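Hi everyone, thanks for making the time this morning. I'd like to walk you through a structure, and I'll put it up on the screen now.

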Amino acid sequence: MKKAIKRTFRVSKYVIYRETLVDYKEHFWSFLGAFFGIGIIAFIQSHSVSATENIFLIGSFGASSVLIYGAIQSPLAQPRNLVGGHVISALVGVTVYKIVPDIIWLSAPLAVAFSIVLMQYTKTLHPPGGATALIAVSSTGKIPELGFWYVLSPVLSGCIILLLMALFFNNITSNRSYPAHSRFKKLLKKKHAHPHKLKK
């Protein structure tokens, strides 16, 4: 019994230690990715959209940034999940809004619930997608007027910007690789190994 308790304590201590390690380089690249990803979207909004209409920079992009820049190995942060999750959820949100536009107590839960199930079904589960669906049914002003254009812009266009920044900043060093799929990891290993061969 004592051995089991000691072993559990040792394992717990190791896990806590690993989880609380501060990797300044990792944080630096996460910061840069999020800064430029959100920054570009915000820049486009500030130069093409009225200051009173927050339609290009939607809140769910902030949550996506946490995943694709800060938890790049997570299955929920992969490109298929990022793009597919947002686009499917946006389609669901707009569709639900068109069917039940003025009953928020019904449209909001329907949009979120259906988006979760469809993301699960298509293997594109991305938690911020739920917020994308909710924004479609609960926003006022310009977003409801966009209709299905909401799916293309801001949702799809914003996802592509975030993804491009993730592909750049998450692969800039040999310690980071994104997407997490083994095929991409092999390509990245070759890419990082090639300059070393040339130096020799």
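Let's start with a puzzle while you look: which residues form one aromatic cluster? Keep in mind as you search that this is a predicted model. The answer is Phe31, Phe35, Phe36, Phe168 and Phe169.

Let me take that cluster apart a little. The structure holds 5 aromatic pairs. One of them is Phe31 with Phe35, and that pair is stacked, with 5.8 Å from centre to centre and 20° between the planes. Both residues sit in helix α2, and because they are 4 residues apart there, about one helical turn separates them. Phe31 is exposed, at a relative accessible area of 52%.

Phe168 and Phe169 also pair up, and here the geometry is edge-to-face: the centres are 4.9 Å apart and the planes make an angle of 85°. How buried or exposed is each of these two? Phe168 is partly exposed, with a relative accessibility of 46%, while Phe169 is buried at 7%.

Now let's step back to the overall fold. The protein has 9 helices and 0 strands, so if you scroll along the sequence you read α-α-α-α-α-α-α-α-α. Of its 200 residues, 38% are buried. Among contacts with a separation of 6 or more, 68% join residues that are 24 or more positions apart. For those of you who think in surfaces, about 12500 Å² is exposed, and 69% of that comes from carbon and sulfur atoms.

What about the interior? The largest nonpolar core has 31 residues, and Ile58, Ile68 and Tyr150 have the most contacts inside it. Two or more residues each come from α2 (24-48), α3 (60-70), α4 (79-99), α6 (128-138), α7 (142-146) and α8 (149-169). The largest share is from α8, which gives 10 residues.

If you click on Ile68 and ignore its neighbours within four places in sequence, you will find it in contact with Ala77, Leu82, Leu162, Ala166, Asn170 and Tyr178. There is also another core, apart from the largest one, with 8 residues; Val96, Ala108, Ala133 and Val137 are among them.

Since Ala133 and Val137 have come up, let's turn to α6. Why is α6 described as largely enclosed by the rest of the structure? Because 8 of its 11 residues are buried. Those are Pro128, Gly129, Gly130, Thr132, Ala133, Ile135, Ala136 and Val137. The cover over these buried residues includes α3, α4, α5, α7 and α8.

One place to look at α5 and α6 together is Ile104. That residue is in helix α5, which runs over residues 104-122, and it is partly exposed at 44% relative accessibility. Beyond residues up to four places away in sequence, Ile104 touches Pro109, Val137 and Ser138. Leu134 is 30 residues from Ile104 in sequence, and their C-alpha atoms are 10.0 Å apart in space.

On to charges. How many salt bridges does a search of the whole structure find? Just 1. The partners are Glu26 and Arg176, and their closest N and O atoms are 2.7 Å apart. This pair links distant parts of the chain: Glu26 is in helix α2, whereas Arg176 is in the loop between α8 and α9 (182-199), 150 residues away. The two ends also have their own levels of cover. Glu26 is partly exposed, at 25% relative accessible area, and Arg176 is buried, at 2%.

Last topic: the database record. An unreviewed UniProt entry lists residues 28-49, 55-72, 103-121 and 148-169 under "transmembrane region". I took two of those stretches and compared them with the model. Residues 55-72 are 61% helix and 0% strand, with 27 Å between the end C-alpha atoms. Residues 148-169 are 95% helix and 0% strand, and there the end C-alpha atoms are 31 Å apart.

That's the tour, so please jump in with questions, and feel free to rotate the view while we talk.

Definitions and conventions
Residues numbered from 1 in each chain as written. Predicted model: local features only at pLDDT ≥ 70, side-chain atom pairs only at ≥ 80, totals over all residues. Heavy atoms only, no water. Buried < 20%, exposed > 50% of the residue type's maximum accessible area, 1.4 Å probe, protein only. Contact = heavy atoms within 4.5 Å. Areas by Shrake-Rupley, 256 points an atom, 1.4 Å probe, with all protein chains shown as cover. Core = buried A, V, L, I, M, F, W, Y, C linked by side-chain atoms within 4.5 Å. Phe/Tyr/Trp six-rings, centres within 6.5 Å; stacked < 30°, edge-to-face > 60°. UniProt positions renumbered as here; feature names shortened; annotations may be inferred. Salt bridge = Lys/Arg side-chain N within 4 Å of Asp/Glu carboxyl O.
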